[in-house]
Amino acid sequence: MRGPSVNTDDRAPAPQIRISRRALAQAEARAVSATPHELGGVLIGWWEGDDVAVVDDLLSVPDPRAGHTHYERHHSAAQRALEDYLQSTSDLNAGYIGEWHSHPAPQPPSAIDRGALTSIVRQVRQPVALVVLSVTEDGKVRPHGLIGRPRWPRRPRRATIEIALVETMSQ
Ligand SMILES: [Zn+2]
């Protein structure tokens, strides 16, 4: 359980990824049952400023070749999942805000994950969130968050990657 975060000084707030408790619980259950394979997909939600990603849903995008340490999102499958979702929702604020996948072992985002996030930021030229759900040895799930963003609006080829605090929301 984590309470609401409180800023106790004047530094810039740490980047945050706030996830619907219901959607996170569903994705965690899927991640646990997919072990020893990885599972993943796209994050649906919106941004509150540049520092807070609000995740309303974690869509799964099947990858038939998913292995122990490998999840490769297929662009066309992801696009279909996204379009189906957007047609089924009345929430016009919600859209693609990033990616997620599971690690069937207690491992945080890897160097490969950071590299993949950097290349997505370069492509879309806007902030992108990454959530990694690490499955621990006792079958629990620990969420990790990263936020990548273009370093400067005029230098979109450069990306900054920061660790984000993952919070859950009751909605
Ligand atoms: Zn990974």
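This report describes a predicted model of a protein chain with a zinc ion.

## Model and conventions

Because the model is predicted, local features require a pLDDT of at least 70 and side-chain atom pairs count only at pLDDT 80 or more, while totals for chains, interfaces and linings use all residues. Residues are numbered from 1 along each chain as its sequence is written, and side-chain values use heavy atoms, with hydrogens and water left out.

The mean pLDDT (the predictor's confidence in each residue, from 0 to 100) of the protein chain is 85. A value of 70 or more is reached by 83% of its residues. By element, the lowest mean pLDDT, 80, belongs to helix 2 (residues 75-88), and the highest, 97, to strand 1. Where pLDDT is low, the predicted coordinates should not be read in detail.

## Overall fold

The protein chain has three helices and seven strands. These elements are DSSP runs numbered from the N terminus: helices are H or I with at least four residues, and strands are E with at least two. Their order from the N terminus is β-α-β-β-α-β-α-β-β-β.

Of the 171 residues in the protein chain, 44% are buried. Buried means under 20% relative accessible area, exposed means over 50%, and partly exposed lies in between, with a 1.4 Å probe and protein chains only. The exposed area of the protein chain is about 9,900 Å², of which carbon and sulfur atoms supply 51%; accessible areas come from the Shrake-Rupley method with a 1.4 Å probe, and for residues only the protein chains shown count as cover. Among contacts (heavy atoms within 4.5 Å) between residues at least 6 apart in sequence, 65% join residues at least 24 apart.

## Zinc site

The zinc ion has protein donors from three side chains named here: His-101 (NE2), His-103 (NE2) and Asp-113, the last listed with OD twice. These donors lie 2.0 to 2.5 Å from the zinc ion. Donors are N, O and S atoms within 2.8 Å of the metal (3.2 Å for Na, K and Ca); water is not among the atoms, so sites may look incomplete. Along the chain, the donor spacing is H-x1-H-x9-D.

The arrangement is irregular because the four donor atoms subtend angles of 56 to 156° around the zinc ion. For reference, four donors count as tetrahedral if all angles lie between 85 and 135 degrees; four count as square planar and six as octahedral if opposite donors are over 155 degrees apart and all others between 65 and 115; anything else is irregular. His-101 counts as buried because its relative accessibility is 9%. His-103 is also buried, with a relative accessible area of 6%.

## Nonpolar cores

A nonpolar core is a set of buried Ala, Val, Leu, Ile, Met, Phe, Trp, Tyr and Cys residues joined through side-chain atoms within 4.5 Å. The largest one has 22 residues, and the members that touch the most others are Ile-17, Ile-19, Leu-43, Leu-58, Trp-100 and Leu-133. Two or more residues each come from strand 1 (16-20), helix 1 (21-34), strand 3 (52-60), strand 4 (95-103), strand 5 (128-135), strand 6 (141-152) and strand 7 (155-169). Helix 1 contributes the most, with five residues.

Beyond its neighbours within four places in sequence, Leu-58 is in contact with Ile-19, Ala-23, Leu-24, Ala-27, Arg-30, Val-42, Leu-43 and Trp-100. A second, separate core has 10 residues, among them Ala-77, Ala-81, Leu-82 and Tyr-85. In soluble globular proteins, nonpolar side chains tend to be buried together.

## Loops and backbone geometry

Most residues other than glycine have a negative phi, and most peptide bonds are trans. The peptide bond from Thr-35 to Pro-36 is cis, with omega near 10°, and Pro-36 is in the loop between helix 1 and strand 2 (40-48). Arg-125 is not a glycine but has a positive phi of about 55°. Arg-125 is in the loop between helix 3 (111-124) and strand 5, and is exposed at 51% relative accessible area.

Val-61, in the loop between strand 3 and helix 2, is buried with a relative accessible area of 1%. Its C-alpha atom is separated by 4.5 Å from that of Gly-41, 20 residues away along the chain. Ala-105 is in the loop between strand 4 and helix 3 and is partly exposed at 25%. Apart from residues up to four places away in sequence, Ala-105 touches Ser-134 and Val-135. Asp-138, in the loop between strand 5 and strand 6, is exposed at 56% relative accessibility.
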